[in-house]
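Reader: I've got a chain on my screen and some questions about it. Can we go through them one at a time?

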Amino acid sequence: MKKRYDIIIIGAGHNGLTAAAYLAKAGKSVLVLEKREVIGGAAATEEIWPGFQANTGAEDAGMFQDSIVKELFLKMHGLEFRQSDAVIFAPQVDAPALTLYRDIAKSQQSIAPFSQRDAERYPEFVAQVNGFTAVLRNMLLQTPPDLGAPHLGELVGWGGVGLKLRRMGGPAMMEFMRILPMPLREYLDEWFESDVLKGALAVDGITGTMQGPWSAGTTLQFLYQHSNGFLAQRTVAGGMGTLSEALASAARQNGAEIRTGAGVARIQIDNGQAIAVLLENGDQIPANVILSSASPRHTFFDFVGPQQLEPRFMRAARNIIYRGSTAKLILALDELPHFVGQENEGQLHGRIRHAPSLAYIEKAYDAAKHGRFSPHPVLDMSIPTLTDPTLAPPGKHILSITIRYAPYCLAEGNWENERDGLVTAVQNTVAPLITQSPNHQITKSPVHLLTPADYEHTYSLPEGSIFHGQMSLDQLLVMRPVPAWGQYRTPIANLYLCGAGAHPGGGVTGAPGYNAAQVVLYLAR
């Protein structure tokens with residue numbers, strides 16, 4: 001007879017592992033099932049070439065919740081964060097480079113050659129962003145209230161959010177509410193005049209979403225990306241996969257089991273209740289509760305099946321907007337590149353961005369709207385081997401490039417045919433930013449490309465959406481994944497969502513997994 005578990009969790013991404021660690025810590029028998037042989041999902045580090053370990057999805061752990069780190073003792077499980085003084089380096093082909101530092105005064109010195117006015121306003125801008133993101137940060141680890149039948153426990157937590165907002169004062173509170181739905185272009189234009197500064201900052205407002213800086217709601221996305229504080233970016237020693245491994249270790253320490261190579265075929269439903277999981281190899285494993293960290297599309301259409309759900313819910317689930325538009329190019333380098341305008345190596349320890357202006361970003365988005373990738377893409381780069389040489393053989397480096405925009409749906413052809421074209425567009429964009437040497441030519445480096453189609457096929461991200469659904473204003477809070485089902489519960493009894501398709505959404509936060517675990521434990525009392 002198969003062992004019956006208290007909890008089965010589908011998917012060993014960082015959210016599934018977070019949920020597993022908390023549920024196992026609470027004394028539940030937990031089994032995590034992962035289709036791939038590698039855990040972490042889109043927060044994994046994988047060997048691309050012999051000796052080269054690269055982050056195949058997320059690069060930054062700045063949004064991961066510190067409370068989870070402390071409560072699960074993740075540092076005891078090998079987690080080590082690293083922060084650099086320089087956070088954003090923006091080289092320009094025909095102008096000085098811009099560097100933004102954690103130190104506000106140093107950032108002002110770098111901004112001043114572009115605009116003295118912007119340099120003077122920058123500290124006030126940072127203060128406002130930090131004030132607003134403190135409110136958002138309080139929302140991350142809260143379950144959205146059920147507006148139809150709110151529970152006291154849900155409202156108590158949100159009361160604290162309301163109090164935080166009220167303490168900002170009337171003018172600041174009104175300003176907060178005013179800017180949330182604004183296009184990021186309008187928000188940044190109100191503060192700054194330098195195209196270079198606005199372009200470098202705006203990349204955070206378009207991360208993972210098929211929207212440009214002219215699109216409504218991108219200011220909210222910008223603030224969300226800074227929810228742990230403005231420019232609070234940090235990397236993980238050993239790569240992002242080490243964070244996932246630390247979560248897995250914490251879960252195992254409390255008794256959880258994690259199986260890789262265990263793809264789920266179906267969730268078994270009996271009389272409207274989830275009772276078991278059927279694996280692709282035919283094994284059936286019973287459980288009292290099932291959590292899915294897979295996307296809403298995979299959960300409801302592949303694992304549950306439309307016939308188990310009422311038509312109104314299925315229409316809402318079918319209408320979730322995904323529209324993946326992110327690609328990644330990983331290059332193996334024989335030596336460390338030197339960028340135009342670079343004064344020291346430390347400038348390259350953070351993000352290296354090519355987005356010369358808001359108009360440049362919007363033009364790249366315009367191409368994607370019509371089913372094309374721009375020959376002049378927005379690039380968000382990093383050289384992780386600078387702060388962690390263990391990720392590559394001695395003397396070698398990795399250049400990791402996140403590409404915006406690469407639309408999942410191409411107007412002509414398919415991604416198998418367009419791979420080389422995208423690689424060429426990125427190489428042609430990067431080459432003028434780097435001082436070439438005889439031993440280093442960007443066009444001759446080994447490359448590994450991940451397109452939206454690859455993210456869908458290999459990482460089960462629908463349409464290549466790294467956030468399990470676009471984080472637009474109509475797909476947040478009580479409307480994520482669909483209206484009336486924003487509390488991790490689903491129409492199937494004993495089935496819950498715990499992935500990025502649930503509140504608060506994408507990014508390496510751990511919040512969906514944490515929140516879903518708390519809901520399960522609360523309802524089990």
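Author: Sure, and keep in mind that this is a predicted model. A good place to start is proline 504, found in the loop between E20 and helix H16 (511-523).

Reader: What is the peptide bond from histidine 503 to proline 504, and what is its omega near?

Author: As general background, most peptide bonds are trans. The bond running from histidine 503 into proline 504 is cis, and its omega is near 0°.

Reader: Which residue does arginine 480 join through a cis peptide bond?

Author: Look in the loop between helix H15 (452-459) and strand E20 (495-497). The bond there is cis with omega near 10°, and it goes from arginine 480 to proline 481.

Reader: Glutamate 463 is found in the loop between H15 and E20. What is its phi near?

Author: In general, most residues other than glycine have a negative phi. Glutamate 463 is not a glycine, yet its phi is positive, near 55°.

Reader: Is glutamate 463 buried or exposed?

Author: The cut-off for buried is under 20% relative accessible area. Glutamate 463 comes in at 16%, so it counts as buried.

Reader: And asparagine 494, how does it count by accessible area?

Author: Asparagine 494 is found in the loop between H15 and E20, and its phi is positive too, near 70°. Partly exposed covers the range between under 20% and over 50%. With a relative accessible area of 25%, asparagine 494 is therefore partly exposed.

Reader: How many of the eight residues of helix H9 are buried?

Author: Helix H9 covers residues 218-225. The buried ones include Thr218, Phe222 and Tyr224. The helix is largely enclosed by the rest of the structure, because the buried count is eight of the eight.

Reader: Which helices do the buried residues of H9 pack against?

Author: Since H9 is largely enclosed by the rest of the structure, its partners are worth listing. Its buried residues pack against helix H4 (116-140), helix H6 (170-179), helix H7 (184-191) and helix H8 (195-202).

Reader: Which side chain makes a polar contact with the side chain of histidine 397?

Author: Histidine 397 is found in strand E17 (residues 397-404), and it counts as buried at 12% relative accessibility. Leaving aside neighbours within four places in sequence, its contacts include Phe52, Leu333 and Ile383. The polar contact, at 2.8 Å, is with the side chain of threonine 385.

Reader: Now the charges. How far apart are the closest N and O atoms in the salt bridge of arginine 353 with aspartate 204?

Author: Arginine 353 is buried, with a relative accessible area of 3%, and aspartate 204 counts as buried at 6%. Their closest N and O atoms are 2.7 Å apart.

Reader: Why does that pair tie together parts distant in sequence, and how many residues apart are they?

Author: Arginine 353 lies in strand E15, while aspartate 204 is in the loop between H8 and H9, so the pair ties together parts that are apart in sequence by 149 residues.

Reader: Which residues are linked in a network of salt bridges?

Author: Another salt bridge joins the side chains of arginine 351 and aspartate 380 (3.3 Å, N to O). That pair links distant parts of the chain, with arginine 351 in strand E15 and aspartate 380 in strand E16 (residues 378-382). Arginine 351 counts as buried at 10%, and aspartate 380 is buried at 12%. The network links Asp204, Arg351, Arg353 and Asp380.

How values were computed
Residues numbered from 1 in each chain as written. Predicted model: local features only at pLDDT ≥ 70, side-chain atom pairs only at ≥ 80, totals over all residues. Heavy atoms only, no water. Helix = DSSP H or I, 4+ residues; strand = E, 2+ residues; numbered from the N terminus. Buried < 20%, exposed > 50% of the residue type's maximum accessible area, 1.4 Å probe, protein only. Contact = heavy atoms within 4.5 Å. Polar contact = N/O pair within 3.5 Å; in protein donor to acceptor, adjacent residues only side chain to side chain. Salt bridge = Lys/Arg side-chain N within 4 Å of Asp/Glu carboxyl O.
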